[in-house]
Amino acid sequence: MSAAATLQKPETIRRRAVFVLPGYDPAPPRRYREIYRSEAAKQGEITGQSIGLSPASRPAPFYGWQVSAQQAGRSTHSAHWILPWNDLVRSSMKAGIFGIYPLALRTGWTYLKGGALWALLRLRWQPMLAVFYPLAVLMGQVLVATAGAALGWQLAGWAGLALGLGASLAGAEYLRRQDNRTYIYYLLHLYAFAARNMARPNPDLARRMNALADQVQAALDDGVDEVLVVGHSLGAQLATDLLGDMLRDGRLNGPGHVALLTLGQVIPMMSFLPAAQRLRQNLRAVAASSRIFWLDVSSQADGGCFALADAAAVSGVAPQGAQNPLVISAAFADTVEGAETQRFFARHFQYYRAFARPENYDYFAITAGPLPLAARYAGRKNSPQCILKPFVRVQDGPDG
């Protein structure tokens, strides 16, 4: 039975605290505020929900805004806070044309040696293109450089060899500078960060996560009606770890609802790694919890996520009688209009945006509307395409 089914009747949310954990994104938090502002207005034209944003101040490292919403004669106030870690993303993306090759080799070996790569391919092959595409380009660069050097040597000896290598390096550097269009370096850095953070958690990110946990508990202590934690892409793993750690520490106290919303999640990318014992422990804790309602939203049209995969189940840690997650499809093909969503990264960020037919999923009703997340999805079942089969054998200790 899901956590939503334990509710006897819907409750009206008057005060909500929303904590958003973005994915591996170098963009500043204000980008998310502006997306929310513009897309909420578009969605309101369809649903009739009126949403207004106002500034908010919060001690570092948080960034936020206030939302006042009106729908069906009910008023809701929601405080939105983002955990910025875009600076850590930028600092992790420093490998140049020489450094990217050892980084790719180390990351590839990490995924190969424990069997995670093959398990991920069996689960969903589409997100794994994010690994093979940049690796293929890098291998192509090596082949081009080798061919250019060999041709130069044959034509002009040492001078030709130097000219061929120089031209190859110039081409590689040009491609690196075009990464905002090609995403070759970005995708490799993404997988490298994910693997590294499982083995040796980034200390700066860990400190910010601890501060965020304190703010989540402070919101519950303040008597908000609902605390909603939102994790997108790689941020879904961070959100799961946040609430899992708090559960196991005996926190999340207070009468308010606690909900987790994961969007376009890539949790198996980390949870399949042998070093991810803590994440698997937290997945099990959140899956078993009746304190938290967990909704996982994805779409098979989003090639950047492990769509419709129950993260706890596919990671081999779903407990008997698991309460969570409820896995549903955003069904982009049926709910979204516009050529913009044909772009790969536009689809991956669509969860934050307006939907032409939002009956199944409405980010703005969820984050600013009068119903708790659990009540909104009470009685819903997993999508028929939901994947529940374990893809890895867990060999953690009794606590993992």
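Two exercises on helix packing follow, each with a worked solution.

The structure is a predicted model, in which local features need pLDDT of at least 70 and side-chain atom pairs count only at pLDDT 80 or more, while totals for chains, interfaces and linings use all residues. Residues are numbered from 1 along each chain as its sequence is written, and side-chain values use heavy atoms, with hydrogens and water left out.

**Exercise 1.** Describe how helix 5 and helix 7 are arranged.

Solution. Begin with the axes: those of helix 5 (residues 129-177) and helix 7 (residues 184-199) come within 6 Å and cross at roughly 125 degrees. The two helices are therefore oblique to each other, a word for angles left over when those under 35 degrees count as roughly parallel, over 145 as roughly antiparallel and 65 to 115 as roughly perpendicular. Next, the crossing of helix 5 and helix 7 is left-handed. Finally, the contact (heavy atoms within 4.5 Å) is made by residues including Y133, P134 and R176 of helix 5 and Y185, L188 and Y191 of helix 7, and by class it has 14 nonpolar, no polar and one charged residues.

**Exercise 2.** Describe how helix 3 and helix 5 are arranged.

Solution. Start again from the axes, since those of helix 3 (residues 100-113) and helix 5 come within 11 Å and cross at roughly 135 degrees. Helix 3 and helix 5 are therefore oblique to each other, and helix 3 passes helix 5 in a left-handed crossing. The contact is made by I100, Y101 and A104 of helix 3 together with L135, L138, Q141 and V142 of helix 5; these residues divide into six nonpolar, one polar and no charged.

Note on methods. Axes are lines fitted to C-alpha atoms, for helices over the stretch in contact, and angles run from 0 to 180 degrees between N-to-C directions. Helices (H or I, at least four residues) and strands (E, at least two) are DSSP runs, numbered from the N terminus. A crossing is left-handed if the near helix is turned anticlockwise from the far one by less than a right angle, and right-handed if clockwise. Ala, Val, Leu, Ile, Met, Phe, Trp, Tyr, Cys and Pro count as nonpolar, Asp, Glu, Lys and Arg as charged, and the others, Gly among them, as polar.
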